[in-house]
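Q: Got a minute to go through this one with me? I'd like to talk about pockets, helix packing and the sheet.

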Amino acid sequence: MTETPEDLDPLHQVQQRFRDAATRVAGLKQGLIDFFAQPKRSIAVCFPIEMDDGSVQSFWGFRVVHNRVLGPGKGGIRYHPGLTLDEVRSMAALMTWKCALIGVPFGGAKGGVVCDPKTLSPAELRRITRRFIAELGDNIGPHTDIPAPDMYTNAQTMAWIYDTYDVMHPGRNNRPVVTGKPLDLGGSEGRRDATGNGVVYATERFLERGSLGTLNSLTNARVTIQGFGNVGVAAARLFQAKGARIVALGDSRGAIAAADHQGLDLDAVLAHKREHGTVVGLPGSRSLTGDDLLALDCDILVPAALGNQLNGDSAGRVRARLVVEAANGPTTPAGDRILQQRGIPVLPDILANAGGVLVSYFEWVQNSQNDTWDADLVEQKLARKLHLATDAVLARHFTMSEQAAVEDIGARLLRTAALSLAVERVACATLERGIWP
């Protein structure tokens, strides 16, 4: 008998998890469940771009607003050749729940362009960005929908977005239209490292609350990080600064583990990666495959790369005591169940990687008030917000676990606790506002 393949579609996974969490919110009407399951607005645009060689290519761009009950849409713009509208819809929904969970007045949104930035020149990327924003027109705005960086976009991309929107809307304070900008254009201190730092703050609070038995701090904790881009680097640095040991790291070309108990020298790793384009081959380290990395004996495993990494096939080999999701959707529903059955908690993405949207919110506030905050103030606010959100998730999780039947694995997931809390907050705000007209 052939076993049914695991459904790895990100939209299906988000919808499945939402509906499970929604059933655990007391008094939530079916009509609201149906409303929250669908995006408020989905836009698909196709536009031509003149390339550097004089040829013309057409590109597709998407922007989805999932919900605006709590405030304007908020979410990144990514450039990737495999981007689909369904993927954007799934990420927009996650942003709704993430913003509600951490207590910022935004709804969920996401967007992107189907392109391969690795094959495009800076001038071509600039033209794609400006034309995409022009096509979106008034569908984005400081009080409507606010983009931010995501995969293969950065502060320079956000500067082009800001400039394009500002040219189209002269005479206003347009800086809050986009976050993740360069500091010279109103960007916030701490934005670049915000997601990675937030991963550490959420993990630190989880341990401090005694949620992992004898491991109650990051001191000497053994940390493995899959993915050594911006988020992975920032998380590794702060983990190490707080006393943890980075025992293994991986990137798209392979992985390495420390040869001794002291952990990896991050400065040496970064220097090697700058020179060779990968962490693999670092002198004094031992090489691993990607599968070996996920199965390494450690205290904390941080998937900070792609989605669906801990699935029905790989979750059974995990030997970490705690999984902390720095990436979006790295654990599938089947992976969740396996890890729960094995007693390995998963700190979910809508909590663990919320640092980016938090500092984006701080940037929006600073821009709206024509103010600037120093780096220490940003970090204090970031840590406090994530500590409060972690406390709220743990409180909800304790209540749900106490009331759950033994066989109800879903109710024992930290993810379900986080999602149900977020759904409840959006539902309450919806009913308090009233159903218009």
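A: Sure, here's a quick chat about those topics, bearing in mind that this is a predicted model.

Q: What's the volume of the second largest pocket?
A: About 310 Å³.

Q: And which elements give two or more residues to its lining?
A: Helix 2 (30–36) and helix 14 (414–433). The lining includes Leu-32 and Phe-35, along with Thr-430 and Arg-433. Trp-436 and Lys-40 are among the other lining residues.

Q: How do the lining residues divide by class?
A: Five nonpolar, three polar and three charged.

Q: Back to helix 14, at what angle does it pack with helix 1?
A: About 75°, and the axes of helix 1 (residues 10–22) and helix 14 are 8 Å apart. That angle makes the two helices roughly perpendicular.

Q: Which residues make that contact?
A: From helix 1, Arg-17, Phe-18, Asp-20 and Ala-21; from helix 14, Arg-415, Thr-416, Leu-419, Ser-420 and Val-423. By class that's four nonpolar, two polar and three charged residues.

Q: OK, switching to the sheet. What's the strand order?
A: It's 9-8-7-6-10-11-12, an open sheet of seven strands with mixed pairing. Strand 9 (286–288) and strand 12 (346–347) are the edges, each pairing on one side only.

Q: Are strands 6 and 10 parallel or antiparallel?
A: Parallel, over four bridges between strand 6 (residues 222–226) and strand 10 (residues 297–303). Thr-224 sits opposite Leu-301 of strand 10.

Q: Which strands does helix 6 touch?
A: Helix 6 (residues 194–208) packs on the sheet against strand 10, strand 11 (319–324) and strand 12. The direction of helix 6 makes about 120° with that of strand 11.

Note on methods: Residues numbered from 1 in each chain as written. Predicted model: local features only at pLDDT ≥ 70, side-chain atom pairs only at ≥ 80, totals over all residues. Heavy atoms only, no water. 1 Å grid on protein atoms, 1.4 Å probe; cavity = no way out; pocket = protein on both sides within 12 Å on 5 of 7 lines; lining within 4 Å. Points joined across faces, edges and corners; volume = space filled by probe spheres on them. Nonpolar A, V, L, I, M, F, W, Y, C, P; charged D, E, K, R; others polar. Axes fitted to C-alpha atoms, helices over the stretch in contact; angles between N-to-C directions. Parallel < 35°, antiparallel > 145°, perpendicular 65-115°, else oblique. Contact = heavy atoms within 4.5 Å. Pairing = 2+ DSSP bridges.
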